[in-house]
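User: Please take a close look at the backbone of this structure, and then set what you find there in the context of the chain as a whole.

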Amino acid sequence: MSSPAGRISLQGFLLVLIVSTVSGGPKFTVSPGHGTVLTFSNSQGKGCQVCTGSGRSRRCSVSLSLKDNTLVEFDCTRPQDVFTVEVVQNIECTAKTCSGHIVPTDSGSLPFLDFTRRFIWNLKASAPKALRMDFTDGGLRQIAPSERCPDGHMYTLQVIQTTGTVAVGKYCRLGSITSAQILNQGRLTLEIPARQMLQSSQFDVSVGEEIKSLARVSLMLPKGTSSSELLSPNYPDTFPDDDVMEWYFQVPPKHKTAVQFLNLTQPQCLKKEAAVEYHSKGRGALVLGLTDAQPAQTEGDFSLTLRNCEMDRTRSGSPGLSLNIRVSAKSTSSTVMCKVDAGRLGDLSLHIHRVRPASDCVMKINSAAKDKITVTSNSALTFQDCLPDDVNVTATRVIGCSDLKDCPKAPVALLVPLLPSCLPAPLSSVTWTLRPPQQGTVQLSSPAGPLKQSLPGQVCNDSILFKVDEEGGGTVGHFCPRGAIQKIQVHTNVSVTWLSNMGARIQRSYFKYVLNASFEKEITERYIFTVSPMKDSPVLLASPGWPVGMEPYSTVSWIVSVPPKMEAILMFANLSQPKCSNRHTNIRVQRFGSPEEDYSRREDEEAEMEISVPESFYLNMSNCKPERGDFSVITKITLQKARNRLLTIILSVVAALLVIFAVVLAVVCVVVRKKKKKLDHQVSVYNPNGTSFLPGPNGRPKSDDESEYHVYASIEDTLVYTHLLKKGAEIGVYGDFDTYRPFPGHSDSQKPPVSTNADGVEVDTYRPFRPPSQQGPPLPNRPPSHVQSLVDNELYHERNRTEEGNSPHLGRRMEPEGGN
């Protein structure tokens, strides 16, 4: 023992509580002890801050570390809901001594009783010696990562290496682990939940041995029959590459031990091979593979060393190295008397089977030796030289009814019994057989929260597993806590098996009802699962019987609830389709209340790998009668924030209208341009010789036979005027008639004879065509009204008798040849 000055105590790290009624948030005066750092941390990063100082020097943050006496204030009324109080100490060892011991204390910390508290000791060894911690105050026992300690005091030991931090294990108080040694640096953490009083204890720290492993854990096995279980570092994740871990076992005299590996996963090795080594006094080293039979019926102390290889983690499906080690001990030629109270079993039957006929184990019930014992009432049992590996302990119960009205009205609690510790092995499984009426359904739910299905990528790391089978048929699935499945409904007889792989301590910590079973009305499908996914937690759902296919003609539905303003993304992975001899397989998705399906595919149709559903929906699957192959699929459901579908639809419609408008506008522009181009060529030209024709691409004027009298493509109102009629009369082109006659169109080589009328004016005289560049007759000045009448072709159709009668040059108006 070191002197009081050499000890580092947490005594006095928190002293006075001052309640503030001015700011609305509590104030604390804290006094960290010597060499101690007090930290307030808000894991949520919002909602509340811790402040120091006042006025301009006031500083607020979501985290704060203090070494000196300080007044702190929180800006919320309940900081214990978001803040964790951490007390950090450093312990360093030289080659001979260490700077202190691990002494957690609650002295003066009552103001922080409502906070979650975490005591952290940073440990540093002096190479090549290790740092040793002795758990003399009752010892420790290792637990699975998902377990919790009954008294709320959970210790975590970590080793810090150059390659990263390795979790040696999590531990509860009172066990067979007496000490631990670590190389280089490490960390021991004690976490206590809010409103939990600290159980005072002390761990001595000293200079350890020269070890060749990352850590060495020592155990002292108790006298009599016992079983201790240990986990590989980082369990259930992989043990580090090419690393070593060591356990040392002190075995009482006249006791034999047996080693068994549970939940073993083997790595893919690049160099060397993963193996275990056994060392004991007076015997040479024994090297075995992980799958070899491990030593049994061994006497004396021994050490077990686990060596990992250099792993190949690039291969898909390479899990790495992890295992659960069970070490059982018993006294040689020991006889254990055991009484079983049937009242503790409820309606269960207890079965004890001798599984190793070659062992020395002898089981007796009421003084009669048996290899199989079934306990249904109060019984006196005797076990002589029976190790845990020699026997298997199970329990069963049948629950059924022939008519739905005779079935239990309330859900039946499926209980795991608490068995006496005098049994040579812990309870390994409990099976309930549920038999509903012919028109009934079995419904399963968990009072501890939703379940999840054990699948690749969604492995159950918990120590408890539920296996749901159809009685006499296939497996529905394996399930464990902490998932999204609210309830399971099966329209047939069902067996539910609770499995435990962690031994007696799990059995005791889970002595409560773990599932509720009830008999409900008949359902239309063979299986129905009610699922409530959570955001940022993808859910994997496998078809019943996976990886084996569904039963022929069987159907399954998942009722999936999608929260408001969210949408579900469905991905169908590991899809296996059969060749059907009758009917078809089908995968359908349909929203609640919708008459139409959002998605439907048969086995002969190509399935989409991903679809989105914006509301709660049904996912239905049905199997055919396979000719060959199986129907199985894993569905991954992920929630994400819903897109604004109304805005998307409006934008799509607007975009479509803009495209249509652009197309129509382009067509109109092309048509107008072509029409304008055509009109630009079709200009009517007046010829004083009596012939009108269209210049440009229209060709020569037509002959007499080809002419179409009084047919005009267009009339240019700027070139056709009535004054030209008067001018023609003056030069002798027109006679005593008031109607314009078009010239029949003779060519230059066919000039008609020249004739004169009575006044000596030449009639029908051919005159050559005058190009537009030559000077034409001047245009008279006319009022706009008269020009408009010409545009409307009133030149040919309207008789202005007053104007014509007074004209001194024109004779009586005559109708044009050929008529109108």
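Analyst: Helices (H or I, at least four residues) and strands (E, at least two) are taken here as DSSP runs, numbered from the N terminus. The model is a predicted one, in which local features need pLDDT of at least 70 and side-chain atom pairs count only at pLDDT 80 or more, while totals for chains, interfaces and linings use all residues. Residues are numbered from 1 along each chain as its sequence is written, and side-chain values use heavy atoms, with hydrogens and water left out.

The backbone can be read against a general background: most residues other than glycine have a negative phi, and most peptide bonds are trans. The bond from Tyr235 to Pro236 is cis, with omega near 5°, and Pro236 sits in the loop that runs between strand S18 (226–231) and strand S19 (244–250). Another cis peptide bond, between Trp546 and Pro547, has an omega of about 5°; here Pro547 belongs to the loop between strand S45 (539–542) and strand S46 (555–560).

Positive phi angles are found at two residues that are not glycines. Asn263, with a phi of about 50°, lies within strand S20, which covers residues 255–265. Gln297 has a positive phi of about 60° and is placed in the loop between strand S23 (283–289) and strand S24 (298–299). Asn263 counts as partly exposed because its relative accessibility is 33% (buried means under 20% relative accessible area, exposed over 50%, and partly exposed in between, with a 1.4 Å probe and protein chains only). Gln297, at 30% relative accessibility, is likewise classed as partly exposed.

A glycine offers a further loop position to examine, since Gly139 lies between strand S10 (131–134) and strand S11 (140–143) and counts as buried, at 7% relative accessibility. Its C-alpha is 6.3 Å from that of Arg173, although the two residues are 34 apart in sequence. Leaving aside residues up to four places away, Gly139 touches Cys172, Arg173, Leu174, Gly175 and Ile177, where contact means heavy atoms within 4.5 Å.

Strand S18, which precedes the loop of Pro236, also leads to the charged pairs. Arg326 forms a salt bridge with Glu229, their closest N and O atoms being 3.2 Å apart (the term denotes a side-chain nitrogen of Lys or Arg within 4 Å of a carboxyl oxygen of Asp or Glu). Because Arg326 lies in strand S27 (residues 322–331) and Glu229 in strand S18, this pair ties together parts that are 97 residues apart in sequence. Both Arg326 and Glu229 are buried. In another salt bridge, Glu277 meets Arg307 with the closest N and O atoms at 2.6 Å; Glu277 is in strand S22 (residues 275–280) and Arg307 in strand S25 (residues 302–307), so the parts tied together are 30 residues apart in sequence. Glu277 is buried at 16% relative accessibility, whereas Arg307 is partly exposed, with a relative accessible area of 36%. Elsewhere, Glu86, Arg118 and Glu191 are linked in a network of salt bridges, and the structure holds 22 salt bridges in total.

For the chain as a whole, seven helices and 56 strands are assigned, and 43% of the 820 residues count as buried. Of the contacts between residues at least 6 apart in sequence, 78% join residues at least 24 apart. The largest nonpolar core (a set of buried Ala, Val, Leu, Ile, Met, Phe, Trp, Tyr and Cys residues joined through side-chain atoms within 4.5 Å) has 76 residues, and those with the most contacts inside it are Leu381, Trp432, Phe529, Leu570 and Phe617. A second, separate core of 69 residues includes Val30, Leu188, Phe239 and Val327.

Confidence deserves a last word. The mean pLDDT (the predictor's confidence in each residue, from 0 to 100) is 79 for the chain, and 76% of its residues reach 70 or more. Over residues 704–710 the pLDDT is below 50, and this stretch has 12 contacts in the model beyond near neighbours in sequence. Residues 736–741 also stay under 50, and the model has 21 contacts for them beyond four places in sequence.
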